[in-house]
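Work through the exercises below with the sequence and the model side by side, attempting each task before reading its solution.

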Amino acid sequence: MKNLLSINNKINIFNKVINVEGDKSLSIRWVLLASQASGKSKAYNLLMSEDVLAAINGVKKLGIVVNTKKNYCEIIGNGINGFKYKKNLTLDAKNSGTFGRLMLGLLIKSSKKIKMIGDKSLSKRDFSRITIPLEKFGAKFYYKKKNKLPILILGSESTKGIRYIENKGSAQCKSSVMLAAINSFGTTFIKAKKSRNHSELLFKYLKIPIKVKKAKNYDFINIKAPKKIKAFNYKIPGDISSSAFFIVLTILTKSSKLLIKDVNINPSRIGVITILKKMGAKIFLKNKRNYRGEKISDISIQGSNNLKRINCPVKLNSKAIDEFLVIFLVAAKAKGTSYFKDLSELDQKESPRLKWGSKILNMMGIKTKLTKDSIKIYGQPNLKITKSIIIKNYLRDHRIFMMSTIAALTFGGNWKIHDKDSINTSFPSFLKIIKKIDNKFL
Ligand code: S3P
């Protein structure tokens with residue numbers, strides 16, 4: 001079967017240098033903001049994955065010209081609210097929560113009803129988290145199944161800034177409201193629990209009137225509509241979430257070394273590094289530099305055979321939200337019992353990841369104690385898997401596929417992992433990079 005990955009051998013010791021593809025959050029934000037700019041913007045190293053293609057196709061359907069060239073992507077923006085709203089328009093967000101939710105923020109002024117649909121996984125996910133604040137701006141929503149896709153949005157001509165408290169630590173909710181704010185009269189005030197801040201940094205870089213006051217657990221953001229957004233070129237740095245799979249592959253492969261070049265190390269994204277270092281992993285950031293408000297560095301990793309348990313501080317949760325599945329693999333190999341709590345948001349992702357993480361660890365022979373929002377993982381530093389493990393029916397969650405692949409390559413056993421094409425969501429070159437690291441891997 002073409003879409004099935006079988007792994008029956010561990011990866012060999014390696015010492016390599018790799019690049020991962022462009023950051024997904026920044027790629028989608030570039031597409032959406034370039035669509036609102038006036039004139040031609042270019043992105044280099046834009047992630048060409050299904051989530052980003054969904055965003056590109058979305059803005060195209062709204063009349064924006066997008067040209068994909070060999071080395072860059074070009075978007076000819078039509079200015080703020082420059083979308084062409086046609087009758088019976090359907091946008092397909094596919095698997096992308098980020099595009100689906102952020103785009104609805106940009107459609108706050110649509111003069112026609114626009115339908116947003118998504119794949120099976122996205123159609124199970126909650127949209128009330130953004131329809132509630134967007135209704136306050138003046139938009140109307142229509143759906144059959146409460147707060148689930150398909151959803152129709154009808155914007156309002158006179159949208160007004162709102163006051164909004166975001167208390168899930170969700171950058172998607174915060175960013176959706178921020179995009180609605182650039183289309184609205186007056187000021188929008190947001191009190192947001194800490195989450196990734198790429199939108200804020202891009203707004204600052206683009207001179208969109210934004211003020212951010214940082215407090216301990218929350219940020220206070222206020223935004224006014226700009227008159228115009230200038231077209232802008234952007235070189236998307238490598239994705240830390242994609243890097244995390246290779247960071248863990250290296251940590252769990254004794255005597256191996258890896259250098260990942262040019263990765264975005266935005267402090268709101270590197271919880272994975274903080275957590276793994278606390279567990280005894282050898283990770284070093286080299287050649288640090290700044291790029292348009294973002295931080296970039298090379299990441300050097302060494303294999304480890306002395307990993308410690310962690311009682312993971314809750315304040316790191318949103319900074320590592322997409323990386324917990326691979327962090328759980330390190331906990332499986334660590335000495336002692338690790339504890340991760342306050343993680344109900346993990347079950348709101350492309351699949352219920354807290355449940356799936358626990359299930360896969362159990363299949364591997366690792367004991368876990370799972371509650372609605374926490375997991376205890378009983379590590380086994382000497383675990384060697386010899387049995388067969390089949391991973392399927394996981395809603396094609398790309399990160400479940402990649403976590404399972406890393407587990408197979410580091411713990412052994414005979415794995416059959418279904419839905420190989422799920423990697424196209426966020427990291428199409430994932431398997432090619434593994435082959436580059438160990439060319440015996442097919
Ligand atoms: C993202 C935010 C996170 C993350 C997702 C990308 C973003 O979701 O899980 O992969 O680009 O804003 P939440 O904001 O819902 O936590």
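**Exercise 1: a helix and its ends**

Task: describe the length, burial and ends of helix α11.

Solution: Helix α11, a DSSP run of H or I with at least four residues, covers residues 398-411, and its 14 residues reach 20 Å from the first C-alpha to the last, close to the 20 Å expected at 1.5 Å a residue, where the expected span is 1.5 Å times one less than the number of residues. This is a predicted model, in which local features need pLDDT of at least 70 and side-chain atom pairs count only at pLDDT 80 or more, while totals for chains, interfaces and linings use all residues. Residues are numbered from 1 along each chain as its sequence is written, and side-chain values use heavy atoms, with hydrogens and water left out.

Next comes burial: 14 of the 14 residues of α11 are buried (under 20% relative accessible area, 1.4 Å probe, protein chains only). At the N-terminal end, D397 caps α11 through a side-chain oxygen that lies 3.0 Å from the backbone nitrogen of R399. After α11 comes G412, with a positive phi near 85°.

**Exercise 2: the setting of S175**

Task: place S175 in its helix and find its partners.

Solution: S175 belongs to helix α5, residues 171-181, and is buried, with a relative accessible area of 2%. Leaving aside neighbours within four places in sequence, S175 is in contact (heavy atoms within 4.5 Å) with R29, L102 and S199. With S199, the side chain of S175 forms a polar contact of 2.8 Å (N or O atoms within 3.5 Å, one able to donate a hydrogen and the other to accept it).

Key: Helix = DSSP H or I, 4+ residues; strand = E, 2+ residues; numbered from the N terminus. Buried < 20%, exposed > 50% of the residue type's maximum accessible area, 1.4 Å probe, protein only.
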